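Visitor: Please take a close look at one part of this structure for me, the place where the two chains meet. I would like the helix packing around it described as well.

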Protein chains: 2
Amino acid sequence: MEQAEFNLRRREYRDAVETFLSGLFTEKTHYSDLYDSMRYSLLAGGKRLRPMLALEFARLGGLGENWADALPAACALELVHTYSLIHDDLPCMDDDDLRRGKPTNHKVYGETMAVLAGDALQPAAFELILTAPKLDAARRADCALVLAQASGQHGMVAGQVLDTLHNPQTAQELTEVHNLKTGAMIRAACLMGCAASGSGKKLWEAAENYAGQIGLAFQIRDDMLDVIGNEETFGKPIGSDQEEGKSTFVDVLGLEGCANTISVCTSRARSAVEQVPGHEFLWYLADQLAQRDY
Amino acid sequence: MEQAEFNLRRREYRDAVETFLSGLFTEKTHYSDLYDSMRYSLLAGGKRLRPMLALEFARLGGLGENWADALPAACALELVHTYSLIHDDLPCMDDDDLRRGKPTNHKVYGETMAVLAGDALQPAAFELILTAPKLDAARRADCALVLAQASGQHGMVAGQVLDTLHNPQTAQELTEVHNLKTGAMIRAACLMGCAASGSGKKLWEAAENYAGQIGLAFQIRDDMLDVIGNEETFGKPIGSDQEEGKSTFVDVLGLEGCANTISVCTSRARSAVEQVPGHEFLWYLADQLAQRDY
């Protein structure tokens with residue numbers, strides 16, 4: 001695989017995801033202010049990393065050129081990710097005014113609606129999976145379980161509790177917060193692809209290991225960009241972690257330590273999938289995430 | 001069926017539900033403050049009406065004496081109901097200090113934790129259904145879909161948007177709010193029993209009609225109790241709707257009109273299930289709900 005082929009497939013996934021998402025919550029009702037609020041955050045851009053991982057693992061897991069069969073399940077991840085961002089930005093959480101360079105949901109729609117839009121995105125995500133036309137009942141149930149287990153009290157929400165209410169400080173504490181808050185959903189994305197394609201156990205294991213490494217590298221890079229990033233490319237104010245008094249990987253590892261750890265994680269991510277036939281896209285993606293400035 | 005037999009079965013269902021719920025979120029972790037907050041509201045009492053409906057329809061739908069096979073799915077309804085109460089009570093929603101005679105979740109655990117406890121109860125509900133040991137993949141997927149469709153942007157959350165942000169006034173507007181906010185989940189409870197037992201289409205239809213009638217009667221009775229109820233039995237302050245400037249069924253129908261409508265709904269609920277063999281429990285339940293003072 002050449003870089004151009006990687007770029008092309010990445011674009012294909014991204015376009016498919018954007019098209020799918022932009023078709024959601026378009027019904028005209030007299031409570032479509034709710035739908036407007038959901039769509040505002042859902043369609044505010046973003047890397048669409050989670051759906052992309054799900055689609056690639058679905059392709060590798062057996063769907064091949066029919067990877068789009070997994071689109072509803074892949075996009076469900078983005079709904080849950082979006083709800084988590086809306087709630088994270090609330091006044092009682094991080095109290096952020098900007099997200100991806102735009103006013104946060106509650107700044108536009110008010111706090112009440114922001115809570116409710118987030119609340120509604122959760123069941124909407126499960127509904128997408130459970131009505132995916134090309135998946136049988138067993139795969140639907142598997143995909144929905146992957147999402148449920150990653151996003152709740154053993155995963156994403158637990159991480160948010162630690163991050164917001166427990167003031168993590170050491171590298172170990174930060175790693176745990178990351179593993180729960182961000183890592184669990186990146187892992188879910190990779191496993192969702194396996195579940196949607198009914199893949200064998202080997203790919204599940206590879207997906208799990210790959211996800212663990214790129215997930216950690218992803219978070220460390222995020223902390224670095226909060227220091228060395230460009231506000232316009234990064235989409236959020238630089239230095240906001242420090243302003244909020246949050247300890248980050250840059251605090252405990254230093255910028256050079258961060259870069260080294262990312263390099264180790266990326267190399268391990270590559271190893272995790274090297275036995276998977278057709279793994280080149282995942283290699284390019286790991287490299288790209290390690291170097292990203294967005 | 002005699003009244004005593006009804007009471008006995010009701011008690012059996014209730015005990016099974018309480019026992020099941022009290023076993024949840026008991027793991028000891030260093031973020032068990034999250035679990036404490038979830039359990040605080042989940043175990044704060046309540047009628048357990050939704051799980052009870054699910055269990056009875058599961059019994060009628062074919063599980064018979066093995067109705068407990070549907071317990072995880074039935075209890076999932078209570079998790080979602082509980083999350084909705086926690087979020088409804090938030091300062092940016094109804095801003096309530098008391099719920100079922102006890103301080104509301106955010107009064108005890110703070111607003112941040114209350115949002116997160118609610119957020120975590122949603123995926124936990126889906127996880128319960130999707131790991132229910134006695135249900136096959138098809139029934140799990142059906143149950144999860146029933147829950148997803150009832151609790152989101154076409155159901156409960158839409159109702160909450162109308163109720164909190166749209167100031168409904170007429171009987172028609174109030175009925176719509178109710179149908180979405182409360183009715184959708186009562187309907188889901190009845191359908192969950194059908195889904196968990198893999199019942200035939202006839203029971204689904206009967207469940208849908210029965211649920212529509214008792215759901216409306218339930219909400220009208222709630223509005224009446226806010227005027228004529230006893231604070232201790234009812235578990236929330238009497239007159240709070242009026243204090244919050246909310247229009248209710250009592251405002252538009254009068255107390256006598258409310259009583260008459262409840263009577264009509266109850267009679268229609270009875271008719272809806274009269275062809276279902278073994279429907280007596282549902283008859284008693286409809287009668288009891290119409291007369292409740294709690």
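Guide: What follows covers the contact between the chains, then the helix pairs, then the overall form of one chain.

The model is a predicted one. Start with how the copies are placed. A turn of 180° with a shift of 0.0 Å along the axis lays chain B on chain A, and the RMSD is 0.0 Å. The two copies are thus related as by a two-fold rotation axis. Both copies use the same surface, since 100% of the contact residues of chain B recur in chain A. Within chain B, the residue that comes closest to the rotation axis is Ala141(B), with its C-alpha at 2.6 Å.

Now the contact itself. On one side stand 42 residues of chain B, in contact with 43 residues of chain A. Four helices of chain B give two or more residues each to the side that touches chain A: H2 (32-42), H6, H7 (137-151) and H8 (156-165). Of these, H6(B) gives the most, with 13 residues. By class, the side of chain B that touches chain A holds 27 nonpolar, 10 polar and 5 charged residues.

H6(B) also has a partner inside its own chain. Helix H6 of chain B covers residues 111-130, and its axis comes within 8 Å of the axis of H4 (residues 71-88) of chain B, at a crossing angle of roughly 165°. That angle makes H4(B) roughly antiparallel to H6(B). The crossing of H4(B) past H6(B) is left-handed. From H4(B), the residues that meet H6(B) include Pro72(B), Cys75(B), Leu79(B), Tyr83(B) and His87(B). From H6(B), the residues that meet H4(B) include Ala114(B), Gly118(B), Leu121(B), Gln122(B) and Ile129(B). This contact of H4(B) with H6(B) is made of 15 nonpolar and 4 polar residues, with no charged ones.

For the packing of H7 and H8, turn to chain A, where each of these helices packs with H9(A). Helix H7 (residues 137-151) of chain A packs with H9 (residues 171-197) of chain A at an angle of about 175°, the axes being 9 Å apart. H7(A) and H9(A) are therefore roughly antiparallel to each other. On H7(A), the contact is made by Arg139(A), Asp142(A), Cys143(A), Val146(A), Leu147(A), Ala150(A) and Ser151(A). On H9(A), the residues involved include Ala184(A), Arg187(A), Leu191(A) and Ala195(A). By class, the contact of H7(A) with H9(A) has 11 nonpolar, 1 polar and 3 charged residues.

The second partner of H9(A) here is H8(A), residues 156-165, and the two axes come within 7 Å and cross at roughly 145°. H8(A) passes H9(A) in a left-handed crossing. H8(A) brings Met156(A), Ala158(A), Gly159(A), Gln160(A), Leu162(A) and Asp163(A) to the contact. H9(A) brings Glu176(A), Val177(A), Leu180(A), Lys181(A), Ala184(A) and Met185(A). The contact of H8(A) with H9(A) divides into 7 nonpolar, 2 polar and 3 charged residues. Ala184(A) and Met185(A) of H9(A) take part in the contact with H7(A) and in the contact with H8(A).

Last, the chain as a whole. Chain A has 14 helices and 2 strands. Its radius of gyration is 18 Å, close to the 19 Å that the globule rule gives for 294 residues, so chain A is as compact as a globular protein of that length. Along the principal axes, the C-alpha atoms of chain A fill a box of roughly 55 × 45 × 35 Å.

Methods
Residues numbered from 1 in each chain as written. Chains lettered and ligands numbered in written order. Predicted model: local features only at pLDDT ≥ 70, side-chain atom pairs only at ≥ 80, totals over all residues. Least-squares fit on C-alpha atoms with pLDDT ≥ 70 in both. Contact = placed C-beta atoms within 7 Å. Axes fitted to C-alpha atoms, helices over the stretch in contact; angles between N-to-C directions. Parallel < 35°, antiparallel > 145°, perpendicular 65-115°, else oblique. Left-handed = near helix turned anticlockwise from the far one by under 90°. Nonpolar A, V, L, I, M, F, W, Y, C, P; charged D, E, K, R; others polar. Rg over C-alpha atoms; globule rule 2.2 N^0.38 Å.
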